[in-house]
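Colleague: I'm new to this one and would like a close look at a single part of it. Could you choose a stretch, give me just enough background to find my way, and then stay with it?

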Amino acid sequence: KQWYQRRVRGNNMAFVFLNRFLDICDAIEDGNTDMLDHSDFADTDIPYDIMLPEDHSIQEDEREEAKEWVLAVSMDQQVQQVLNTDERGCYEASLMNIHTSVTSPQCILTGYPVLRGEVVFRNSSRVAN
């Protein structure tokens, strides 16, 4: 939670991803992904079909802390359940442009798409921005 608050731009994305985390935790307990809501990720290249682990890898007290934060933030009218978008009008970390189906190269440092100002590393096809 603290990582998202500090490093992810804004509480909006922290809210979306931590809410998804809690949904996945519930799915692990239920043993299936049938009840996962994918609507927050509809216009992204984030996969819907995921394999669930048998057990949680995050301790219960940390999951509970995330749940408390999500509940508290959900009451904040300043926070919206939306992902940040870029100049393409897409989720900023999507490699594929949902409007044109063009796939951008992935930055080797951030994992985000390299849209302009790319640095190409010699002897490889890797890029960064």
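Modeller: Sure. Start at the N terminus and read along: the elements come in the order α-α-α-β-β. That makes three helices and two strands, where a helix is a DSSP run of H or I with at least four residues, a strand is a run of E with at least two, and both are numbered from the N terminus. Before going further, keep in mind that this is a predicted model, in which local features need pLDDT of at least 70, side-chain atom pairs count only at pLDDT 80 or more, and totals for chains, interfaces and linings use all residues. Residues are numbered from 1 along each chain as its sequence is written, and side-chain values use heavy atoms, with hydrogens and water left out.

A little background on the whole chain, then. Its C-alpha atoms fill a box of roughly 45 × 35 × 25 Å along the principal axes. Of the 129 residues, 30% are buried; buried means under 20% relative accessible area, exposed means over 50%, and partly exposed is what lies in between, with a 1.4 Å probe and protein chains only. If you take the contacts between residues at least 6 apart in sequence, 46% of them join residues at least 24 apart, a contact being heavy atoms within 4.5 Å.

The part I'd pick is the loop between α3 and β1. Helix α3 covers residues 60-74 and strand β1 covers 119-120, so you can find the loop from those two.

Let's begin with Tyr-91, which sits in this loop. Which ring does Tyr-91 pair with? To get there, we need the aromatic pairs, and the structure holds two of them. Rings of Phe, Tyr and Trp (its six-membered ring) pair if their centres lie within 6.5 Å; planes under 30 degrees apart count as stacked, over 60 as edge-to-face, and the rest as tilted. One pair brings together Phe-17 and Phe-41, tilted, with 5.9 Å centre to centre and 35° between the planes. Phe-17 belongs to helix α2 (residues 11-30), while Phe-41 is in the loop between α2 and α3, so the two are 24 residues apart but paired across distant parts of the chain. Phe-17 counts as buried because its relative accessible area is 17%, and Phe-41 counts as buried because its figure is 3%.

Now for our loop: Tyr-91 pairs with Phe-17 too, again tilted, at 6.3 Å centre to centre and 55° between the planes. This pair also links distant parts of the chain, as Phe-17 in helix α2 and Tyr-91 in our loop are 74 residues apart. Tyr-91 counts as buried because its relative accessibility is 9%. Put the ring pairs together and Phe-17, Phe-41 and Tyr-91 form a cluster.

Next come the charges. Side chains of opposite charge can pair when their charged atoms come close. Here there are two salt bridges, each being a side-chain nitrogen of Lys or Arg within 4 Å of a carboxyl oxygen of Asp or Glu. In one, Arg-116 meets Glu-87 at 3.1 Å, N to O. Both partners lie in the loop between α3 and β1, yet they are 29 residues apart, and both are exposed. In the other, Arg-88 meets Asp-86 at 2.9 Å, N to O, and here both residues are buried.

Arg-88 turns up again when you look at Asn-97, another residue of this loop. Leaving aside neighbours within four places in sequence, Asn-97 is in contact with Arg-88, Cys-90 and Val-102. Asn-97 counts as buried because its relative accessibility is 10%. As for Val-114, its C-alpha atom is 12 Å from that of Asn-97, with their places 17 residues apart along the chain.

One last stop is Ser-101, also in the loop between α3 and β1. What is odd about the backbone here? Most residues other than glycine have a negative phi, and most peptide bonds are trans. Ser-101 is not a glycine, but its phi is positive, about 65°. Unlike the buried Asn-97, Ser-101 counts as exposed because its relative accessibility is 52%.
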